[in-house]
Amino acid sequence: KGPAGGGAACARGSSCKMMRCGLWLCSLALVLLIIVSRSYALPLEFYVDGIHGSDSNPGTLNEPFKTLNHARDYIRTLGTKPEGVVVSVRAGEYSFLDAPFSLGEGDSGRPNSPIIYRSYPGDKSPARLTAGVSLAPEVFHPVAPHRQHLLPEGARKTAVEVDLKKLGITDYGELQSGMLGGCANNKLELFYPNKPMHLARYPNISPQGQWQYMLVSKVVESTKTFIYNDTRISGWKNTSTLWLHGFWSFDWADNYVKVESIDTSTDSITVDANTPPVYGFKQKARYYALNILEELDTPDEYYVDRNDGILYLYEKPTETGCVSVGESVVTLNSISYVAFEGFVFDCARTIGITANGVVNITIADSVLRSSGGSSIHITGYNNTVRNVTASGNGCGGVTMSGGDQPSLTRGNNLLTQSTIYDWSRWKRTYQPGIGWSGVGNSYTKNYLHDAPHAGILGGGNDCLFEYNELVHLCYEVSDSGAFYSGRSWIDRGNVIRHSTFQDIRTTEKLELGYPSVQAIYLDDQMSGYSIHDNQFINCQVGTFIGGGRRNQAYSNSYWNCTTAVHLDDRGLSWQKSFCVEGGTFEQQLDSVHYKQPPWSTHYPELVGIYQDHPCTPVYNVVANNTYCNTSTFIDATPDQIKEWMDTVTNNTQHC
């Protein structure tokens, strides 16, 4: 009995233990499930629908908010938002006329739980965020009879007008001069349907897209008056709003001047003293006239009467367009972990998206078009611009910078897989498709094409440019480069590799100089670049090393280039004042304490630079390159190369 009873008790104990164990395991599983579910919690999701939504709705798919501003404000009330937030915006037009959609410090996400604004994936077309007012064809009417006489005779039967005041638009901006490198453009502009129109001008742009010019016949006063030789000018009756845009002294520097008066008795033009020509007038300088109603004579032209608020168009449009009203579409300041995905941004007077001092921001899979300035300006750390298309801008394309030069702290920003084209339509020079600066940023797999001046321009340290395509650039100017950087000894450590430069030649007629453009232009003693495994196809000059030191150009291929590689020693001649002790370069070096870490350890070659032939272009390496159908591989002589202590070796013709 004892053993039997004991056995029964033991069996009952085992069963109890198993039950207790089972309860414990269930509790543990529940705890783990809670932990895991919290770790992988789905983000909160809200919806915005500008057509069917209401800001009194809860923001669900079936009851969406109406505006992005309300969605942003509601998210602010949610606290820390550990699971992140997605705001899906339904197709439609969302206007930001009085102020951009703005995010500040309180609108940040967190690591692994960002705040994402996106076009709703289920819609056939993306949401459009705009700073413009749409103009449907029906808002235009034939020009009023009492204004018909203002038009050229050929446009009186076709021209149409719209009263902007009746649309609530009363600020039209002003034309501005813009000196060298500056692009002042915040005026109202017209786009039809998504392409920029041109202010009425003479001469017109050719049917092939080439800009046509008149020439300065004689200079009377270098910054004030010149003689014209086109009789059409003498026939203009109202020139009170007339401006001229020209390359006044060099074929690489343009700006706008406002006409003060025209004296038909002497065929002379005098300009407003407040808008002088950059570098002064020169004989044979090319220019055209614009912003004159009497020259409204082609379908791509318009004119804005800023006194009466009347917009004139040569003919009635067949599609809806827009006029730019708001300054920007989106502004981001000091925020982190926020993304914008899948939108169209357009019709800003200045910059489509401005992001200053931001961290871990992503702008992706979007179209940015038709800005008076540029598409994106972003500064900060660890930001990404991916798969965007930027086009039709008055100034540049995308500007991305970040990092700290004195401490050599990396910015780790990335611009990638993007297409940028047809920029610099207002200011023709020094407005690049990609503007860059800072330390340790990457610009990869981008396609830049069809612009009159530089494709990539800037300066900084340890930045990477790879797998980019730059095509048909610098076609209207001289002394420029598809990739341009210059005049520094502290901007160094940058790499250009695995990229293609194609059709980098001046094709427009120049009047003040001669064609001189280069695919990669290291100007004015720029040093410390690595250029390798690139293709140069149909370029005037492939790689231009203008007096710099320790540049490496190797394993590149040059095909159909006039000159593959250029080397010179400008630091020993006309630019010696920059490289001698006490000159510009030493001032730059002193500003970053180049003899102390981190500079002395990261760039040890700089520590003793003034004891190592400072003005001589030493230690450049040109090696293992191939070339075909190239007139000159390198334009430095063997004696010069030896004197400069450069290495040029194993470069072979291979066709």
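This report describes the overall build, the surface and the nonpolar cores of one protein chain.

The model is predicted. Its protein chain has 655 residues, and 55% of them count as buried. Seven helices and 55 strands make up the list of secondary-structure elements in the chain. Along the principal axes, the C-alpha atoms occupy a box of roughly 135 × 75 × 50 Å. Contacts often link distant parts of the sequence: where the two residues are at least 6 apart in sequence, 67% of contacts join residues at least 24 apart.

The surface and the charges may be considered together. About 27400 Å² of the protein chain is exposed, and carbon and sulfur atoms supply 52% of this area. The chain carries 51 positive and 65 negative charges, and the mean positions of these two groups lie 8 Å apart.

Two separate nonpolar cores are set out below.

| Core | Number of residues | Residues named |
|---|---|---|
| Largest core | 83 residues | Y117, F340 and F501, which touch the most other members |
| Second core | 27 residues | Y172, L188, L290 and Y302, among others |

In the largest core, strand β26 (residues 353–364) contributes the largest share, with five residues. F501, one of the three residues that touch the most other members of this core, can be examined more closely. Apart from neighbours within four places in sequence, F501 is in contact with L470, A482, F483, I496, A519 and I520, and also with N534, Q535, F536, I537 and C539. The second core, which includes Y172 and Y302, is separate from the largest one.

How values were computed
Residues numbered from 1 in each chain as written. Predicted model: local features only at pLDDT ≥ 70, side-chain atom pairs only at ≥ 80, totals over all residues. Heavy atoms only, no water. Helix = DSSP H or I, 4+ residues; strand = E, 2+ residues; numbered from the N terminus. Buried < 20%, exposed > 50% of the residue type's maximum accessible area, 1.4 Å probe, protein only. Contact = heavy atoms within 4.5 Å. Areas by Shrake-Rupley, 256 points an atom, 1.4 Å probe, with all protein chains shown as cover. Lys, Arg positive; Asp, Glu negative; His and termini not counted. Charge placed at Lys NZ, Arg CZ, Asp CG, Glu CD. Core = buried A, V, L, I, M, F, W, Y, C linked by side-chain atoms within 4.5 Å.
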